[in-house]
Amino acid sequence: DLKSVSNGVPVRVRPRVPIIINNSMEERYVSHLPGVCEPVYSLSFDHERLIRSTEILCQRIGMDMQMQRTMAINLTHLPGIKGADRWSKYNQSHLEITKEGLTERDFVEPLAEMTDLYLHEVIQEINLHHPGGLTGRVQLTWIASGFAYPLHRDLQSPHRYHIPLISNPWCRWSFLDDTHDITYRLHMPASGMAWYLDPITFAHTVSNEGERARLHLLISDYS
């Protein structure tokens, strides 16, 4: 059963049972939400190359790309940090980062182990695509089977881009439209397509009700 949570900590859900946000709200399953969560057709990448370059990066830093945990690693880090701290020391939520007296916009140094890989080319292309560029922390994020994030808005980051690397049909986003009493649900397939996300307009969550961990490349604007 779904458990109560706080501070952005994922919660366990029953497999293949969508999170119930509000019993009185209409539910709509959609392919995208214009302006809020939608594929960017001009940002379509080679999914196999992305997977291979992510595997190489994970091998270089001693991580398992196929891990079945809920966690994140940083692909950009604070200047001056050395060793494994570059990808692992400040990989927490925005709330935890601010408790450390830090801001994500300062994570500007790309991992040296990544700069010769296709993964880095993709990040650079998305950065060039977004008006004014994107500033701040870039991550690989895993959500384990049977976990979900609490309903939230990411007020610190008005624009985000997700590229699903590993997913399943039971990995779903939920967006709460209070104005019209509708919960929208959608799935981002792992096809190489970048998705634009406005993380502020609607409170939202993502749950993984499938049998494998979900892995996304996450690029956010913290300018």
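Tutor: Before we turn to helix packing, note that axes are lines fitted to C-alpha atoms, for helices over the stretch in contact, and that angles run from 0 to 180 degrees between N-to-C directions. The model in front of us is predicted.

Student: What describes two packed helices, and at what angle do H1 and H4 pack here?

Tutor: Two packed helices are described by the angle between their axes together with the distance between those axes. In this structure helix H1 (residues 47-60) and helix H4 (residues 118-129) pack at about 115°, and their axes are 8 Å apart. On the H1 side, Arg49, Leu50, Ser53, Thr54 and Leu57 meet Tyr118, Leu119, Glu121 and Val122 of H4; by class, this contact has five nonpolar, two polar and two charged residues.

Student: How do strands of a sheet pair, and which strands stand at the edges of the open sheet?

Tutor: Strands of a sheet pair through backbone hydrogen bonds, either parallel or antiparallel. Here an open sheet of six strands has the order S3-S12-S9-S14-S7-S4, with antiparallel pairing. Strand S3 (37-44) and strand S4 (71-74) are at the edges, each with a single partner strand, so one side of each is left without a neighbour in the sheet. From one strand to the next the twist averages 30°. Within the sheet, strand S7 (residues 138-143) is joined to S14 by six bridges, and Thr141 stands opposite His216 in S14.

Student: Which strands does each helix lie across?

Tutor: H1 lies across S7, S9 and S14, running at about 85° to S9, whereas H4 lies across S3, S7, S9, S12 and S14, running at about 110° to S3.

Conventions:
Residues are numbered from 1 along each chain as its sequence is written. This is a predicted model: local features need pLDDT of at least 70, side-chain atom pairs count only at pLDDT 80 or more; totals for chains, interfaces and linings use all residues. Side-chain values use heavy atoms; hydrogens and water are left out. Helices (H or I, at least four residues) and strands (E, at least two) are DSSP runs, numbered from the N terminus. Contact means heavy atoms within 4.5 Å. Ala, Val, Leu, Ile, Met, Phe, Trp, Tyr, Cys and Pro count as nonpolar, Asp, Glu, Lys and Arg as charged, and the others, Gly among them, as polar. Two strands pair if DSSP finds at least two bridges between them.
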